[in-house]
Amino acid sequence: MAAAAAEQQQQGFRPLDEASLVAYIKATPALAARLGGRLDALTIKEVGDGNLNFVYIVLSDAGSLVIKQALPYIRLVGDSWPMSRERAYFEASALQKHRALCPDHVPEVYHFDRAMSLIGMRYIEPPHIILRKGLVAGVEYPLLAEHMADYMAKTLFFTSLLYNSTTDHKKAVAQYCDNVEMSRLTEQVVFSDPYRVAKYNRCTSPFLDNDAAAVREDAELKLEIAELKSMFIERAQAFLHGDLHTSSIMVTPDSTQVIDPEFAFYGPMGYDIGAFLGNLILAYFSQDGHADQANDRKYKKWILKTIEDSWNFFHKKFVELWNKHKDGNGEAYLPPIYNSSELLSLVQKKYMTSLFHDSLGFGSAKMIRRIVGIAHVEDFESIEDASKRASCERRALNCAKAILKGRRQFESIEQVIVHVQSFDRD
C-alpha cells in the first residue's frame with residue numbers, strides 16, 4: 001500500500017477532502033470563477049453514493065459546481081479491488097462529446113485535471129433528483145421518455161457509421177479503446193459473475209438462493225449471455241454512455257440530465273438503450289414492495305407507458321436522423337447502392353429490428369445482474385420486508401430470463417409490455 005501511495009503522489013494525485021478541496025478551488029481560476037470568486041464561506045457536501053468515486057457539491061452565495069474525483073480503487077469494495085483513475089478522463093471526454101451532440105440533456109464540464117482525476121462540472125440544482133429515487137417515490141416525469149429518446153438517438157446516431165466515415169469512426173474507436181478496464185469490469189459483473197459462484201455476488205437470502213443457483217445452472221441462459229458478451233466486447237457500433245441506468249439520470253418534470261459516463265466506450269447501441277429500459281422494468285417490478293393503503297401504486301401504468309414511449313420515440317427520432325443525413329458522409333449504407341426509398345426502408349426496418357432485439361437482450365442482462373450480482377438497486381433495496389422484496393425481485397428475474405431467451409420473438413415494444421405484465425404475479 002505504501003508503494004501505491006508513493007506512486008500516486010509522484011503522479012501528482014492526492015485524494016481531496018473538504019479542506020483540501022477548498023484550497024484546490026482557490027488555486028483553479030476556472031472553478032473559482034463559477035463560484036463568483038466568493039470562496040471564504042463555501043458549503044461543501046460529499047454526496048457520492050455510487051460505487052466508485054467521491055462527489056462533492058460546492059456552493060457559494062454567488063455560484064455552484066460539482067467536483068468528482070476518481071479513486072484508484074472501487075469505492076464500494078475498497079483498495080482490495082484496484083481500478084484505474086483514467087476513467088475520469090474518459091468521463092470528462094464523454095460528457096464533452098455528448099454535450100456537443102445533445103446540449104439540452106448533458107451538463108457542462110468547467111474543468112478537468114487529468115493528474116488529479118478530477119472533473120469540475122455544472123451542479124444540477126434542486127429540484128432535480130436522481131431518477132431512481134423519483135421512481136421509488138412514485139413521481140411521474142411526463143417528458144422523460146421523449147428527452148431520453150432524444151439523448152439516445154443523437155448520441156448513438158451521430159457517433160455511428162450511419163453518419164461518419166470509416167476513417168473517422170475508427171479513429172474515435174481507437175481513442176476510447178483505452179477505457180478497457182471499465183469495460184472489463186462490465187464484462188465481469190454483467191456477463192460473467194451472475195452465471196457462476198463469485199466472491200461479491202449476493203441476493204436476498206435465503207429467499208432467492210435457489211433462484212440464484214438456477215441462473216448459474218441454466219444452460220440456455222448461458223448460451224444467450226455468451227452471445228451478448230461477445231457483442232459487447234467486439235462490436236464498436238457507436239459511442240456509448242456505458243452505464244445508462246436510472247441513477248445516471250437527474251430529473252424534474254420538465255428537465256432530464258444524463259450524468260456519470262465513466263464507462264463510456266464504443267460498443268453495441270443496444271447496451272445503452274437496454275440499460276435504460278431494463279432499469280425501468282426493475283422499477284416496475286419494485287412498485288408492489290412500496291405499495292401501502294395510502295398508495296396502491298397505480299403508478300406502475302405510467303412506468304409501462306414510459307417504457308413503451310421511450311422505445312417508440314427513439315425509433316422515430318433515430319430513423320428521422322438517418323433520413324435527414326442519408327446522403328452525408330456515413331459509409332454503412334452508401335447512397336449509390338441504397339438508392340431507392342423502398343430499399344432504404346427495408347434496410348432501416350432490418351437495422352431497427354436487430355437493434356430492438358439487442359436492446360431487449362442487454363436490458364435483460366442488466367436486470368439479472370442487479371438481482372443476483374454485486375451491485376443492487378435502491379428500487380428493491382429500499383423494500384424493508386425481505387420476503388416482500390424477494391417476491392418483487394423474483395418476478396423481475398423470471399421476466400428478464402424469459403425476455404433474454406426469447407427476445408427475437410418480439411416484434412414491438414407493445415408485445416414486450418404485455419409480456420412484462422404476465423409476470424406481475426407470483
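User: Which residue in S10 does Ile129 stand opposite?

Analyst: In this predicted model, Ile129 has Val251 of S10 across from it.

User: What makes S8 and S10 a pair of strands?

Analyst: Two strands count as paired if there are at least two bridges between them. S8 and strand S10 (residues 249-252) are joined by two bridges in the antiparallel sense, so they meet that cut-off and are called a pair.

User: What is the order of the strands in the open sheet that holds S8, S10 and S11?

Analyst: The three strands follow the order S8-S10-S11, and their pairing is antiparallel.

User: Why are S8 and S11 said to stand at the edges?

Analyst: Strand S8 (129-130) and strand S11 (255-258) each have a single partner strand, so one side of each has no neighbour in the sheet. Helix H6 (residues 144-157) packs on this sheet, where it touches S10 and S11, and the helix direction makes about 35° with that of S11.

User: Happy to move on to the other sheet. What is its strand order?

Analyst: Five strands form this open sheet in the order S1-S2-S3-S7-S6, again with antiparallel pairing. Its edge strands are strand S1 (43-46) and strand S6 (109-113), each of which pairs on one side only. Ignoring direction, neighbouring strands here are turned by 15° against each other on average.

User: How do you know that S1 and S2 are paired?

Analyst: Pairing needs at least two bridges. S1 and strand S2 (residues 53-60) run antiparallel and are joined by four bridges, so the requirement is met. As an example to look for in the structure, Lys45 has Ile57 in S2 as its bridge partner.

User: Which strands does H4 lie across?

Analyst: H4 lies across S2, strand S3 (63-70), S6 and strand S7 (118-121), and runs at about 155° to S6.

User: What makes the meeting of Lys68 and Glu91 a salt bridge?

Analyst: The rule asks for a side-chain nitrogen of Lys or Arg within 4 Å of a carboxyl oxygen of Asp or Glu. For the side chains of Lys68 and Glu91 the N to O distance is 2.8 Å, so this Lys and Glu pair falls inside the limit and earns the name. The two residues are 23 apart and link distant parts of the chain, with Lys68 in strand S3 and Glu91 in helix H4. The whole structure has 28 salt bridges by this search.

User: Where are the bounds of domain 1 and domain 2?

Analyst: The domain assignment gives 1-122 for domain 1 and 129-423 for domain 2. Their C-alpha centres lie 27 Å apart. In the contact, domain 1 takes part with 29 residues and domain 2 with 33 residues.

User: What is the area buried between domain 1 and domain 2?

Analyst: About 2600 Å² is buried between them, with 64% of it given by carbon and sulfur atoms. On the domain 1 side, Phe90, His98 and His105 supply 27% of the area buried against domain 2, more than any other three residues.

User: Why is the contact of Arg87 with Glu262 called a salt bridge?

Analyst: The closest N and O atoms of Arg87 and Glu262 are 3.5 Å apart. The limit is 4 Å, so this Arg and Glu pair qualifies. Between domain 1 and domain 2 the count is three salt bridges. Across the same interface, 10 residue pairs are in polar contact.

User: Which element gives the most to the side of domain 1 that touches domain 2?

Analyst: Strand S5 (78-82) and helix H4 (87-101) each supply at least two residues of that side, and H4 gives the most, with 10 residues.

User: What is unusual in the backbone, and where does a cis peptide bond join two residues?

Analyst: One cis peptide bond joins Pro126 and Pro127, with omega about 15°, and Pro127 lies in the loop between S7 and S8. Another joins Ser205 and Pro206, with omega about 5°; Pro206 is in the loop between helix H8 (180-191) and helix H9 (209-216). Ser117 is not a glycine, yet has a positive phi of about 50°, and this serine is in the loop between S6 and S7.

Key
Residues numbered from 1 in each chain as written. Predicted model: local features only at pLDDT ≥ 70, side-chain atom pairs only at ≥ 80, totals over all residues. Heavy atoms only, no water. Contact = heavy atoms within 4.5 Å. Axes fitted to C-alpha atoms, helices over the stretch in contact; angles between N-to-C directions. Domains from an automatic or database assignment. Buried area = accessible area lost by both parts, 1.4 Å probe. Polar contact = N/O pair within 3.5 Å; in protein donor to acceptor, adjacent residues only side chain to side chain.
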